[in-house]
Amino acid sequence: MEGALAGRRRARATVLAVGLASGSLLLLLVLLTIRTWQGPDIFYHLFLGRRILDGGGFQPADDLLVRQPQYVNLYWLFQVIAELLHRAGGVTAASLLFTAVWTAVCALWARAAGCLRRPAIGLPLALGAILILGSRFEPRPEAFSYLWLILQLGWLSAWDPTARTPVRFYVLFAASQALWANMHGYFVLGPLLVAARLAGAWLRREERRAWRRPALLLVLALAASCLSPFGWRTWAFAHTLAAFLRSVGGAITEFGPPTGAFLRVW
């Protein structure tokens with residue numbers, strides 16, 4: 001009897017400790033995302049969002065001295081959302097949007113990584129991930145790319161193409177892809193994920209006969225990527241952007257490993 005009571009006490013103490021540690025990580029995440037706006041990106045996007053809402057079209061004049069070749073403003077939906085929140089509640093309301101997005105991203109990642117299944121290992125690793133990613137917690141549209149990416153990864157990982165797939169799965173995936181294509185240039189990762197899932201179906205003997213479902217999802221993802229005011233030009237711009245990113249190489253921090261000066265920030 002005493003042994004059972006002691007076991008329950010230890011279990012309650014463990015649950016309490018894990019809860020406090022998880023809550024502390026959440027608080028740290030919120031504090032890192034609520035910061036003073038320093039980078040120029042958010043002001044540029046708010047400016048364009050204001051011009052779009054004032055009737056300047058989906059690609060309004062930006063008055064920049066240097067223009068990127070074949071530039072397409074595929075960030076227009078993000079700009080409109082951010083500007084509407086900024087008009088409603090200033091910097092606070094706009095900042096809360098990014099706090100909500102980053103919190104959702106980290107929560108979905110923690111669930112996918114199984115951080116709470118082995119908290120003694122998972123929670124310290126989650127702390128390291130938050131600290132490393134912390135330098136990217138700026139009010140930028142790429143936050144939504146992380147959100148759509150982790151959502152689609154979760155959907156594809158849990159999907160069994162050999163079972164009957166409800167129509168809402170295809171609709172939800174296509175809707176997320178369409179939203180992604182109107183927010184950030186990383187939308188190309190969506191169809192690439194589906195293509196990888198299709199290749200996986202071919203490699204698994206039990207899924208090979210069901211290859212048509214991943215193929216259908218790939219067609220839908222590609223079509224949804226063109227549901228934009230710019231149509232197929234979103235892909236043309238993504239190709240141009242990829243060439244530009246290759247030319248600048250390691251000058252862009254987010255594409256570098258978490259080592260050296262990037263890690264010394266912490």
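**Exercise 1. Find the annotated spans and describe two of them.**

Start with the record: UniProt, in an unreviewed entry, places the feature "transmembrane region" at residues 12-34, 84-108, 120-137, 183-203 and 215-232. UniProt positions are given in the numbering used here, feature names are shortened, and annotations may be inferred rather than shown by experiment. Residues are numbered from 1 along each chain as its sequence is written, and side-chain values use heavy atoms, with hydrogens and water left out. This is a predicted model, in which local features need pLDDT of at least 70 and side-chain atom pairs count only at pLDDT 80 or more, while totals for chains, interfaces and linings use all residues.

Next, take residues 84-108: this span is 100% helix and 0% strand, and its end C-alpha atoms lie 26 Å apart. Then take residues 183-203, where the share is 71% helix and 0% strand, with 33 Å between the end C-alpha atoms. Helices (H or I, at least four residues) and strands (E, at least two) are DSSP runs, numbered from the N terminus.

**Exercise 2. Summarise the whole chain.**

Begin by counting elements: the protein chain has 10 helices and 0 strands. Now turn to burial: 38% of the 266 residues are buried, where buried means under 20% relative accessible area, exposed over 50%, and partly exposed in between (1.4 Å probe, protein chains only). Finish with contacts, meaning heavy atoms within 4.5 Å. Among those between residues at least 6 apart in sequence, 72% join residues at least 24 apart.

**Exercise 3. Work out how helix 7 sits against helix 5 and helix 8.**

First, the axes of helix 5 (residues 142-158) and helix 7 (residues 189-203) come within 10 Å and cross at roughly 15 degrees. Axes are lines fitted to C-alpha atoms, for helices over the stretch in contact, and angles run from 0 to 180 degrees between N-to-C directions. Angles under 35 degrees count as roughly parallel, over 145 as roughly antiparallel, 65 to 115 as roughly perpendicular and the rest as oblique. Helix 5 and helix 7 are therefore roughly parallel. Residues in this contact include Leu149 and Leu153 of helix 5, and Leu193 and Arg197 of helix 7.

Second, helix 7 and helix 8 (residues 212-225) pack at about 170 degrees, their axes 9 Å apart, so these two are roughly antiparallel. Among the residues making that contact are Val194 and Leu198 of helix 7, along with Leu218 and Leu222 of helix 8.

Third, look at Ala199, which belongs to helix 7. Ala199 counts as partly exposed because its relative accessibility is 38%. Its C-alpha atom is separated by 8.7 Å from that of Trp211, 12 residues apart along the chain.

**Exercise 4. Classify the packing of helix 3 and helix 5.**

Helix 3 (residues 76-113) and helix 5 have axes 9 Å apart and an angle of about 40 degrees, so the pair is oblique. Among the contacting residues are Phe98 and Trp102 of helix 3, and Phe144 and Leu147 of helix 5.

**Exercise 5. Check the cysteines.**

The structure holds 0 disulfides, a disulfide being a pair of cysteine sulfur atoms within 2.5 Å. For Cys115, the nearest cysteine sulfur is that of Cys106, 9.9 Å away. Cys115 counts as buried because its relative accessibility is 5%, whereas Cys226, at 29%, counts as partly exposed.
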